Amino acid sequence: MSDPEPSGGDFWVTKGDVDMVWMLAFNDLIGDRQLDLVTSHYGFRPVASSDDVKVDAVYLYRRGGKCTMVTLEAMTNGREYALVEIENPDNRVVITGERLVALSQRRRIVLLLKRSPSKNESR
């Protein structure tokens, strides 16, 4: 279940919102422990339609037993995006919005959402 949308302003996580010390802890974990860490710090929601495709937003992408934090960059043709690993920007894949939605339907990618400070403090 995803968190409801916070009111006012941009509510999805951007690369600048990700603390690099937290990212190191995230990368030291695997599988469910990574998911537990992410859900204790961020909300999330599926990429259900093209409206959920947010350039510069951070997504959690699961490949096998390992999760990766990625961001989405617009391509010049306007129909494709680059899915770029935050920790290693040289790892990038060209993807369409439709493919992103399909990955989300298979529970392989979600859009990360900011949480209010009170939600983070209570965990």
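## Strands 4 and 5

In this predicted model, strand 4 and strand 5 pair in the antiparallel sense, with five bridges between them. The link from strand 4 to strand 5 is a hairpin of six residues. One of the bridges can be placed by residue: Val-84 has Arg-92 of strand 5 as its partner.

Strand 4 covers residues 80-85. Strand 5, residues 92-96, is an edge strand and pairs on one side only.

## The second largest pocket

Strands 4 and 5 also contribute to a pocket, the second largest, whose lining takes two or more residues from each of strand 2, strand 4, strand 5 and helix 3 (97-105). The space in this pocket is about 180 Å³. General background: a probe the size of a water molecule, rolled over the atoms, shows where empty space is left.

The lining consists of 13 residues, and those nearest the pocket centre are Tyr-61, Arg-63, Leu-83, Arg-92 and Val-93. Strand 5 gives the largest share of the lining, four residues. Arg-92 therefore appears twice in this description: as the bridge partner of Val-84, and among the residues nearest the centre of the pocket.

## The sheet as a whole

Six strands form an open sheet in the order 1-6-2-3-4-5, and the pairing is antiparallel. Strand 1 (43-46) and strand 5 are the edge strands. From one strand to the next, the twist averages 40°.

At the strand 1 edge, the partner is strand 6 (residues 109-113), paired in the antiparallel sense over four bridges. Within this pairing, Phe-44 has Leu-112 of strand 6 as its bridge partner. In a regular strand, side chains alternate between the two faces of the sheet.

## Helix 1 against the sheet

Helix 1 (residues 20-28) lies across two strands, strand 2 (58-63) and strand 3 (66-74). The angle between helix 1 and strand 3 is about 130°.

## The chain overall

The protein chain contains four helices and six strands. Starting at the N terminus, the elements follow the pattern α-α-β-β-β-β-β-α-β-α.

Of the 123 residues in the chain, 38% are buried. Among contacts with a separation of 6 or more, 57% are between residues 24 or more positions apart. The accessible surface of the chain is about 7200 Å², and carbon and sulfur atoms account for 51% of that surface.

Definitions and conventions
Residues numbered from 1 in each chain as written. Predicted model: local features only at pLDDT ≥ 70, side-chain atom pairs only at ≥ 80, totals over all residues. Heavy atoms only, no water. Buried < 20%, exposed > 50% of the residue type's maximum accessible area, 1.4 Å probe, protein only. Contact = heavy atoms within 4.5 Å. Areas by Shrake-Rupley, 256 points an atom, 1.4 Å probe, with all protein chains shown as cover. Pairing = 2+ DSSP bridges. Axes fitted to C-alpha atoms, helices over the stretch in contact; angles between N-to-C directions. 1 Å grid on protein atoms, 1.4 Å probe; cavity = no way out; pocket = protein on both sides within 12 Å on 5 of 7 lines; lining within 4 Å. Points joined across faces, edges and corners; volume = space filled by probe spheres on them.
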